[in-house]
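Biologist: I am new to this structure and would be grateful for a close look at a single part of it. Please take one helix and describe the charged side chains along it.

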Amino acid sequence: MSTGAIIVIAVVAAIILIALLALMPRMRERGRVRKQERELQSRREEAASRHREEADSRAASAEAAERRARMAEQEARRERAEAELHKERATASERGMADEEILGTRERARFADTTTAPDAEQATGRDSEGGLLGRFGRRSPHDQETAGRRS
């Protein structure tokens, strides 16, 4: 080989070495940026996974709360219905329409003659003379006059 060829090879090698040395920081920077991007993507996926798990957990909790709310609403309806039932029973007791619940079989004979006329009329739907009561359980003025004349 000639000296000129050796010099050319040495110069080319030096140029390649200088190019590599000049490009190394850029390549390192690119590698560092890629590594950071991978790490950031990994963190994003972890965060998304945690948020999905939290969302699933809260959705299940919300479903349970809705189920409890429906049950509580049904319980409230049942309580209202029972309250209404007791209210109706109280009204019936006040009017003497539930005496059979209050009195035992022995006491019924003792209290058989004890009824209040308006309540007895309301319970049977008939007035004391056996006639039908008006639409709202009251006698009309005409019926009152007629009943007064019969007496």
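Modeller: The following account concerns helix H1 and its charged residues. The model is a predicted one. In the protein there are five helices and zero strands, and 6% of its 151 residues count as buried. Helix H1 covers residues 3–94 and includes Arg-34. On the surface, Arg-34 belongs to a patch of positive charge, together with Arg-26, Arg-30, Lys-35 and Arg-38. Arg-34 itself has a relative accessible area of 52% and is therefore exposed.

Salt bridges come next; the protein has seven of them. One joins the side chains of Arg-58 and Glu-54, at 2.6 Å from N to O. These two residues of helix H1 are four residues apart, which is about one turn of the helix. Arg-58 is exposed, at a relative accessible area of 58%, whereas Glu-54 is partly exposed, at 36%.

Another salt bridge links Arg-77 with Glu-73, at 2.5 Å from N to O. Here too the partners lie in helix H1, four residues apart. Arg-77 is partly exposed, with a relative accessible area of 47%, and Glu-73 is also partly exposed, with 42%.

In a further salt bridge, the closest N and O atoms of Arg-78 and Glu-75 are 2.4 Å apart. Relative accessible area is 38% for Arg-78, which is partly exposed; Glu-75, at 36% relative accessibility, likewise counts as partly exposed. Arg-78 and Glu-75 lie three residues apart in helix H1, about one turn of the helix. Through salt bridges with shared partners, Glu-75 and Arg-78 form one network with Glu-79 and Glu-82.

Definitions and conventions
Residues numbered from 1 in each chain as written. Predicted model: local features only at pLDDT ≥ 70, side-chain atom pairs only at ≥ 80, totals over all residues. Heavy atoms only, no water. Patch = residues over 30% accessible without salt bridge, like charges linked within 9 Å, V, L, I, M, F, W, Y side chains within 5 Å. Areas by Shrake-Rupley, 256 points an atom, 1.4 Å probe, with all protein chains shown as cover. Salt bridge = Lys/Arg side-chain N within 4 Å of Asp/Glu carboxyl O. Lys, Arg positive; Asp, Glu negative; His and termini not counted. Charge placed at Lys NZ, Arg CZ, Asp CG, Glu CD. Buried < 20%, exposed > 50% of the residue type's maximum accessible area, 1.4 Å probe, protein only.
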